[in-house]
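Dear colleague,

Please find the structure below, handed over for your consideration. A summary of what was found in it follows.

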Amino acid sequence: MALFGTLATLWLTATISGYRMMRRGQVAAHRRWMTRSYALTLSIISNRLWLPVVAAILAPHLATTFQGNETLMYYAIAGLSGWMGWVLPLILTEWVIVGRVGAERGAAKRPERAPSPVLTGGPAN
């Protein structure tokens, strides 16, 4: 099944990359890769959380969309919750990582500014 093959490949890639970054002494990169690995590792929990949500959304459509075929509906529920179980947490993780790295880079590039005389109560020109 493509779902589990993709998940396994991404998890192994993230874990090995994290290990390699630590061996090279790149702690920040190690932390980012291991955060991804952790999100993928916990995907089984996320999958179980999405399962009842997807089932509740699709159940009313059994007679129409699935033409009364419960097996077809169960396959759709399993497929959707399986993909959502790791794709959504990984997207959230990337969003957090990119936001954190962007904030660190922005803070490092921002030059120190002299305080404004108006704000400090200094003489006005």
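**Findings**

Helix H3 bends by about 25° at Trp 50, and a proline, Pro 52, follows within four residues. The model is a predicted one. H3 comprises 16 residues and spans 21 Å from its first C-alpha to its last, close to the 22 Å expected at 1.5 Å a residue. Its buried residues include Ser 43, Ser 46 and Asn 47, together with Val 54 and Leu 58.

The loop between helix H3 (43-58) and helix H4 (70-109) contains Gln 67. Although Gln 67 is not a glycine, it has a positive phi of about 50°. Gln 67 counts as exposed because its relative accessibility is 72%, over the 50% cut-off.

As regards aromatic contacts, a search of the whole structure finds one aromatic pair. The pair is formed by Trp 83 and Trp 86 and is tilted, with 5.5 Å centre to centre and 45° between the planes. The two residues are three apart in helix H4, so about one helical turn separates Trp 83 from Trp 86. Trp 83 is partly exposed at 35% relative accessibility, whereas Trp 86 is buried at 6%.

A further ring contact involves Trp 33: the charged end of Arg 36 sits over its ring, 4.5 Å from the centre.

On confidence, the mean pLDDT of the chain is 87, and 83% of its residues reach 70 or more. Among the elements of the chain, helix H2 (residues 27-41) has the highest mean pLDDT, 96, and helix H5 (residues 117-120) the lowest, 55. Where pLDDT is low, the predicted coordinates should not be read in detail.

Yours sincerely

Methods: Residues are numbered from 1 along each chain as its sequence is written. This is a predicted model: local features need pLDDT of at least 70, side-chain atom pairs count only at pLDDT 80 or more; totals for chains, interfaces and linings use all residues. Side-chain values use heavy atoms; hydrogens and water are left out. Buried means under 20% relative accessible area, exposed over 50%, partly exposed in between (1.4 Å probe, protein chains only). pLDDT is the predictor's confidence in each residue, from 0 to 100. The expected span of a helix is 1.5 Å times one less than its number of residues. The bend at a residue is the angle between axes fitted to the seven residues ending there and the seven starting there. Rings of Phe, Tyr and Trp (its six-membered ring) pair if their centres lie within 6.5 Å; planes under 30 degrees apart count as stacked, over 60 as edge-to-face and the rest as tilted. A charge sits over a ring if NZ of Lys or CZ of Arg is within 6 Å of the ring centre and within 35 degrees of the ring normal.
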